[in-house]
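Hi,

Here is the structure I promised to pass on. Have a look at it first, and then read on for what turned up.

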Amino acid sequence: MSLSEFSIIEEFFTSKSNAGLCPIVGIGDDCAVLDVPADKQLAVSTDTLVEGVHFLPKSDPELLGHKVLAVNLSDLAAMGATPAWASLAITLPSIDKAWLSLFSKGFFSLAKRHSLQLIGGDTTRGPLSITVNIMGLLPKHQRLTRAGAQLGDGIYVSGFIGNAGLGLKNARAGGFDARDKDLLSYLKPNPKITLGQALLNVASSCIDISDGLSADLNHILKASGVGATVWHEELPLTHSVRQNIEEVGDVLWPYSTGDDYELCFTMPDAAYKGIQEKLAPYQISKIGVIERQKGLRIKMATGEVATLNKGYDHFNVE
Ligand SMILES: [Mg+2]
């Protein structure tokens, strides 16, 4: 049986997320209609994932449903926003009910956890790609942005760095192993929504780590018109990532791998002390400091300094 676009949306994507802020008009009409509460403002972001570019061919559809929403939620987390609504556009080579059912399961399981409502959808035929347009709410006049890092601010990251990159490397090398925690970091990222909310009004800047720590921290530095030194010894690395660094013989490897979806943020030391208790549930590491001199410097315990202004650059010895 062939399914029309409408019946796909009906069957797989209607009313599966009941928690959260209901739209005035949701899926099934020409547009969704939303009412933004008077004391709130809307944060909006779009991300597209293309098979073979952003995820491996023949990826598990349930994990893919999770990931496509997780990467969008991570952008809301970086702004300190609370998830509210999303629309979803899927381009599929053919209608595969089993695939759609699993994809929808992964998507809605994460949506429910964050009280997110799906308010619109579109399906077309073509090479597999998925686009999510996500909307979150922020209190009026409050937001985290990339601009705002000040001289002397500490640079912090949540969680661990490089595990998703290692997971992708493992997946490319040897297929799927459900016990591989690094692979799970890559396939099933956990967007840091509550951490972003806790940082509102406290952090001077914030970004989610999607393209790699050096690329994303450089976005903060450029937007804020400052530079930074990161102390390599303070970088939160798991045993597996340290082992991989040994194997590839490149100490800068974890700075260039993406998909961690942790938050990188800045704030003065006094502000950090003020919310330390609130941040206790999270693994937070102070990894460096904002400086006047432009560019990103990675300082090794040996005193060597690498500059990472555009991803990989070169080693300088101070
Ligand atoms: Mg982002």
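Does Asp 75 count as buried or exposed? Asp 75 has a relative accessibility of 18%, and the cut-off for buried is under 20%, so this residue counts as buried. Please keep in mind throughout that this is a predicted model.

Asp 75 is a good place to start, since it belongs to the magnesium site. The protein donors of the magnesium ion are Asp 75 (OD) and Asp 208 (OD), and they lie 2.1 to 2.2 Å from the ion. These two come from distant parts of the chain: Asp 75 is in helix H2, Asp 208 is in strand E6 (residues 205–208), and 133 residues separate them. Asp 208 has a relative accessibility of 3%, so it counts as buried too.

Helix H2 also holds Asn 72. With 0% relative accessibility, Asn 72 counts as buried. What is Asn 72 in contact with, leaving aside its neighbours within four places in sequence? The partners are Ser 45, Thr 46, Asp 47, Val 132 and Ile 134.

Next, the nonpolar cores. The largest one has 51 residues, and the members that touch the most others are Phe 13, Leu 69, Leu 88, Phe 103, Ile 130, Leu 199 and Phe 265. Helix H2 (residues 61–79) turns up again here, giving the most to this core with 9 residues. At least three residues of the core come from each of domain 1 (5–139) and domain 2 (154–317). If you would like one residue to zoom in on, try Phe 13: setting aside neighbours within four places in sequence, its contacts are Ile 8, Ile 27, Leu 88, Ile 90, Leu 100, Phe 103, Ser 104, Phe 108 and Leu 118. There is also a second, separate core of 29 residues, with Ile 245, Trp 253, Cys 264 and Leu 296 among them.

Last, the empty space. The count comes to 2 cavities of 30 Å³ or more, and the largest cavity holds about 60 Å³. Which residues line the largest cavity? They are Phe 55, Ser 59, Asp 60, Leu 63, Leu 64, Lys 67, Tyr 186 and Leu 187. Two elements give two or more residues to this lining, namely H2 and helix H5 (181–187). The largest share, 3 residues, comes from H2.

So if you open just one element, I would suggest H2: it carries Asp 75 of the magnesium pair, gives the most to the largest core and has the largest share of the lining of the largest cavity.

Happy exploring, and all the best!

How values were computed:
Residues numbered from 1 in each chain as written. Predicted model: local features only at pLDDT ≥ 70, side-chain atom pairs only at ≥ 80, totals over all residues. Heavy atoms only, no water. Core = buried A, V, L, I, M, F, W, Y, C linked by side-chain atoms within 4.5 Å. Buried < 20%, exposed > 50% of the residue type's maximum accessible area, 1.4 Å probe, protein only. Helix = DSSP H or I, 4+ residues; strand = E, 2+ residues; numbered from the N terminus. Domains from an automatic or database assignment. Contact = heavy atoms within 4.5 Å. Donors = N, O, S within 2.8 Å, 3.2 Å for Na, K, Ca; no water. 1 Å grid on protein atoms, 1.4 Å probe; cavity = no way out; pocket = protein on both sides within 12 Å on 5 of 7 lines; lining within 4 Å. Points joined across faces, edges and corners; volume = space filled by probe spheres on them.
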